[in-house]
Amino acid sequence: MAIERATERLGELDGAPARPWVDAARDFVRRRPLGAVGAAVVLLMLVVALLANLLTPYNPVAVDFAAMLAPPSASHWLGTDAFGRDVLARLIYGSRTALFVGFGAAFFGATVGAVLGVGSAYFGGRVDLYVQRVMDVFLSFPLIILALAIVAILGNNLPNLITAITIPMIPRCALVIRASALSIREMPYIDAARAAGFGHGRIILRHMLPNVMAPYLILLTAFLGQAILLEASLSFLGLGVQEPTAAWGLMLRGAAVEFAEAAPWMAIFPGLAISLAVFAFNLFGDSLRDALDPRLRTQ
Amino acid sequence: MGSLLEVRSLVTQFVTRGGVVRAVDDVSWDVAEGETVALVGESGCGKSVSALSIMRLVAGPAGRIVGGEILFKGRDLLGLSEEEMRHVRGREIAMIFQEPMTSLNPVLSIGRQLTEGLETHLGMGREPARRRAVELLGLVGIPDPERRLAQYPHQFSGGMRQRMMIAMALACDPALILADEPTTALDVTIQAQILELMKDLSRRLGAAMLIITHNLGVVARYADRVNVMYAGKIVERGTAREIYATPRHPYTLGLLRSVPRLDEPERARLAPIDGQPPDLTRLPPGCAFAPRCAFRVERCAAEVPPLVPVAGDGHVSACWEAARLAGVAGR
């Protein structure tokens, strides 16, 4: 038994495992069950968003005055809203909006922030000083205030909404990434890259960025939850996605407030969807941080 | 043989809170084509800064090359633009670093790190670059190079990483290789292997080499000529044979006497050099080595001795008492 286990261990040590991703995923599920639950919900959301048109027979924007404010029933599982639109259909299609804006904003925010952070750490000196001061200016505004201001300036359509959520995320990411890039800047392999005659851009993008992948991924997942929440908030305030597009924040507004007592399902379910999505992304992000951090330290 | 690299009156300084450190202080030396030259001295004497100055990689804004010329193939490297300098680094002058464990990027595959220089400097395509990388790994004696290309630095041992560093340095067929303490971090048996490999490859490929080391054993075996540095200045220069047999500077003599030898009686004591290297911000007015020197005379404390010829073959020494040392046996 002991020998078998030992030889198994030897097998593991001998080179990389055949399917590193599968092994890593299995390990993650076993060690961080909560994170795995978060990941499962995220996956579920992705599937629902992709297969939206297969999952519900209803058109999320089709008005049906015969079924206005209908309570949950066999035909409308989560009821209908003041225009007779199916709440479940709007939730399902709303996940597309949430994920599209969330992924878009989080990806651009984290990526631009990472490049700025690494560049700032790499050049150091005066460049670092100026970049950091500009970041400080942006950081001094709360996330939502800055996003509101940007939407107000640019006008509200989907690309502008993503821009508005992206911009306040950039300095938050740049700050964290810069801190880990500073230690990488001092590694001999970066001097070696300079001595090999590589340009600044190449060193930043090809040599330093891959080394800050762990904090980058953690920030990305954390930003996803925040971006979804921010999109819902802006939509709720009327500065985000516009009617009749299906969006969770939008479903909480207008008629949902008016009929809060008569038809509570109109507000409860989108509210739950927002909470669950943000919670799932945060759970997943936190576990991911725990899983990646020890490796970061030993590097 | 013409000079490949000629350093003339190079001065490199670091501005610190304690004052200006003259890390390299009016130093001149040269490397002929295909020659192996050693730069010897203890820690902090300016060896590494000399190499970084040639590459123009002295860390600013504290560090600055304030004077002198670095002629490489007749061009002054100090006069080149940053863009032109980038084509010299890695392409014409390659550098091997001291720490093989941290001088390779942990997240890039061995293949990627080898082919990157080939692609950027020589404009090679992906496939030819990969073939050249396999060839290079074979050249530096790494078995099964095809498979190794896909691996990452943590899967390599220290000796293999240093071989890999050599392969990277050789990739673009440079005319000069700067090796900064190439074997210090390795264990003794591996040291010998790596040095043999470097010597053999530089001879076969016709590349000149500058070995920076504090290990005189390395110098004796692998260098053609030796520059001994102390406190930012060159104190003695000559062929490796001359330096060993008839050192003409008390510092060189001290270094030689502090190396253990197999042909001495087991009970012979090593003779270390007394005292500490001087503070480079507050050098004494005369010879920097005077406070630690057993041959010191009055003049040493007042006047800096110039580098003057003491024997044939370009053997020079910066010591007022060089003549007195002629009678003292070296090694």
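User: In strand 8 of chain B, which residue stands opposite B:L39?

Analyst: B:L39 stands opposite B:I212 there. Keep in mind that this is a predicted model.

User: What makes strand 3 and strand 8 of chain B count as paired?

Analyst: Two strands pair if DSSP finds at least two bridges between them. Strand 3 of chain B is joined to strand 8 (residues 208-213) by five bridges, so the pair passes that cut-off. The two strands run parallel.

User: Which way does strand 9 of chain B run relative to strand 3, parallel or antiparallel?

Analyst: Parallel, with four bridges joining strand 3 to strand 9 (residues 225-230) of chain B. Within this pairing, B:V40 stands opposite B:V228.

User: Why is strand 3 of chain B described as largely enclosed?

Analyst: A residue is buried if 20 or more other C-beta atoms lie within 10 Å of its own. Five of the five residues of strand 3 (residues 36-40) are buried, so the rest of the structure largely encloses this strand. Both faces are covered: B:T36, B:A38 and B:V40 are buried on one side, and B:V37 and B:L39 on the other.

User: And why is A:F65 called exposed?

Analyst: Let's set the count against the cut-off: a residue is exposed if 12 or fewer other C-beta atoms lie within 10 Å of its own. A:F65 has 7 C-beta neighbours inside 10 Å, so it counts as exposed. A:F65 sits in the loop between helix 4 (52-55) and helix 5 (87-123) of chain A.

User: Back to chain B: what is the order of strands in the sheet of eight?

Analyst: The order is 6-7-8-3-9-10-12-11, and this open sheet has mixed pairing.

User: What makes strand 6 and strand 11 of chain B edge strands?

Analyst: Strand 6 (93-96) and strand 11 (308-309) each have a single partner strand, so one side of each has no neighbour in the sheet.

User: How do you know that strand 10 and strand 12 of chain B pair?

Analyst: The cut-off is at least two bridges, and strand 10 (residues 233-239) and strand 12 (residues 316-317) have two, in the antiparallel sense. B:E236 has B:S317 in strand 12 as its bridge partner.

User: How are the strands of the four-stranded sheet in chain B arranged?

Analyst: They form an open sheet in the order 2-1-4-5, with antiparallel pairing. Strand 2 (19-32) and strand 5 (75-76) are the edge strands, each pairing on one side only. Strand 4 (residues 63-72) pairs with strand 5 over two bridges, and B:L71 has B:D76 as its bridge partner in strand 5.

User: Which helix of chain B lies across strand 1, strand 2 and strand 4?

Analyst: Helix 1 (residues 47-55) does, running at about 70° to strand 2 of chain B.

User: How many helices and strands does chain B have?

Analyst: Chain B has 11 helices and 12 strands.

User: Why is chain B called as compact as a globular protein of its length?

Analyst: The radius of gyration is 21 Å and the globule rule gives 20 Å for 331 residues; the two values are close, so chain B is as compact as a globular protein of that length. Buried residues make up 45% of the chain.

User: Finally, how many residues does each chain bring to the contact between A and B?

Analyst: Chain A brings 16 residues and chain B brings 21. On the side of chain A, helix 9 (residues 188-195) gives the largest share, six residues. That side divides into eight nonpolar, six polar and two charged residues.

Note on methods:
Residues numbered from 1 in each chain as written. Chains lettered and ligands numbered in written order. Predicted model: local features only at pLDDT ≥ 70, side-chain atom pairs only at ≥ 80, totals over all residues. Rg over C-alpha atoms; globule rule 2.2 N^0.38 Å. Contact = placed C-beta atoms within 7 Å. Nonpolar A, V, L, I, M, F, W, Y, C, P; charged D, E, K, R; others polar. Axes fitted to C-alpha atoms, helices over the stretch in contact; angles between N-to-C directions.
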